[in-house]
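Visitor: Could you take me on a close look at one part of this model? I would like to follow the charged side chains and the loop beside them.

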Amino acid sequence: MGAPSSLPAAAALLLLSLLAGVHCREAQLDVGGADAAGAETYNASDAAVYWGPWQKARATWYGQPNGAGPDDNGGACGFKHTNQYPFMSMGSCGNQPLFKDGKGCGSCYKIRCTKDKSCSGKAETVIITDMNYYPVSKYHFDLSGTAFGRLAKPGLNDKLRHSGIIDIEFTRVPCEFPGLKIGFHVEEYSNPVYFAVLVEYEDGDGDVVQVDLMESKTAHGPATGRWTPMRESWGNIWRLDTNHRMQAPFSIRIRNESGKTLVAHNVIPANWRPNTFYRSFVQYS
């Protein structure tokens, strides 16, 4: 929706900023019945390229000036506590070329701005944590207030935020989460025939393009040896619907955009519970 032509240029810019900044919305968890568990196709030509040429984009911001973006510190990727380590409020909504129907969740980018007089020109790292549904350019980063302010010269954070929409440059970089292993948060409503898990803290690509689950024969017995593809529920949350009661412990296999695979053996214990975080012993670095 464009701004009325009768508005002064500054007012039109502010209106566009407001329209762009309020559309990062958290998706709703799908807890439907048993679907055919199929993996989406993956094109290896889309593999991540780090430190490529700086590309042009535009940036806005939403939420509180010094906040993490969403009021609940979450977002359409399903991540929790994005105001805490390792996100540290440096999250961003991405439009489709960045969000990639959820497969861009967790990806890391260096961004910088130089055209606005308040810009520092210094590159800052942001993580895709949310979805931008109304982009104002081919690549649109709708940043948290904290991330937007970090692009400014010292003391000019608020002045830069008042600019509304700014031109930036970006390049993809590997994610680095020192001290963390890949984690799995079992989502609310999970049960013996419906299992949903959030995957987070992946070094390198930062994203996940496929998740598979292996059950065990008994609670204390060996694994079945059979991998079952999970399907993307929303954001970085993957689900499995079955017509039988699943037997834990579960091993989980993940693949990132570069095609690298990791297996977290028996990472979900036999006595697992919904709304619980389980840390693995594996990491891409």
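Guide: Here is a walk through one loop and the salt bridges around the chain. Please keep in mind that this is a predicted model.

Let's begin with the loop between β13 (250-255) and β14 (261-268), where Asn 256 has its place. With a relative accessible area of 2%, Asn 256 is buried, because buried means under 20%. Its side chain makes a contact within the loop region: the side chain of Asn 256 reaches the backbone nitrogen of Ser 258 at 3.2 Å.

Now move to Glu 257. Glu 257 forms a salt bridge with Arg 172, and the closest N and O atoms are 2.6 Å apart. This pair links distant parts of the chain, with Arg 172 in strand β6 (residues 166-173) and Glu 257 in the loop between β13 and β14, 85 residues apart. Are these two partners buried or exposed? Arg 172 is buried, with a relative accessible area of 8%, and Glu 257 is buried as well, at 5%. The pair also belongs to a wider group: Lys 100, Arg 172, Asp 207 and Glu 257 are linked in a network of salt bridges.

Strand β13 brings us to another charged residue. Arg 253 forms a salt bridge with Asp 212, where the closest N and O atoms are 3.1 Å apart. Arg 253 lies in strand β13 and Asp 212 in strand β9 (residues 210-214), so this salt bridge ties together parts that are 41 residues apart in sequence. Here the two partners fall into separate classes: Arg 253 counts as partly exposed at 25% relative accessibility, whereas Asp 212 is buried, with a relative accessible area of 9%.

For one further stop, look at Glu 187 and Lys 80, whose side chains meet in a salt bridge (2.9 Å, N to O). Glu 187 sits in the loop between β7 (183-186) and β8 (194-200), and Lys 80 in the loop between β1 (55-62) and β2 (91-94), so the pair ties together parts that are 107 residues apart in sequence. Glu 187 counts as buried at 7% relative accessibility, while Lys 80 is partly exposed, with a relative accessible area of 25%.

To set these pairs in context, a search of the whole structure finds eleven salt bridges. Among them are Arg 172 with Glu 257, Arg 253 with Asp 212, and Glu 187 with Lys 80.

Methods. Residues are numbered from 1 along each chain as its sequence is written. This is a predicted model: local features need pLDDT of at least 70, side-chain atom pairs count only at pLDDT 80 or more; totals for chains, interfaces and linings use all residues. Side-chain values use heavy atoms; hydrogens and water are left out. Helices (H or I, at least four residues) and strands (E, at least two) are DSSP runs, numbered from the N terminus. Buried means under 20% relative accessible area, exposed over 50%, partly exposed in between (1.4 Å probe, protein chains only). A polar contact is a pair of N or O atoms within 3.5 Å; within protein, one must be able to donate a hydrogen and the other to accept it, and residues adjacent in sequence count only if both atoms are side-chain atoms. A salt bridge is a side-chain nitrogen of Lys or Arg within 4 Å of a carboxyl oxygen of Asp or Glu.
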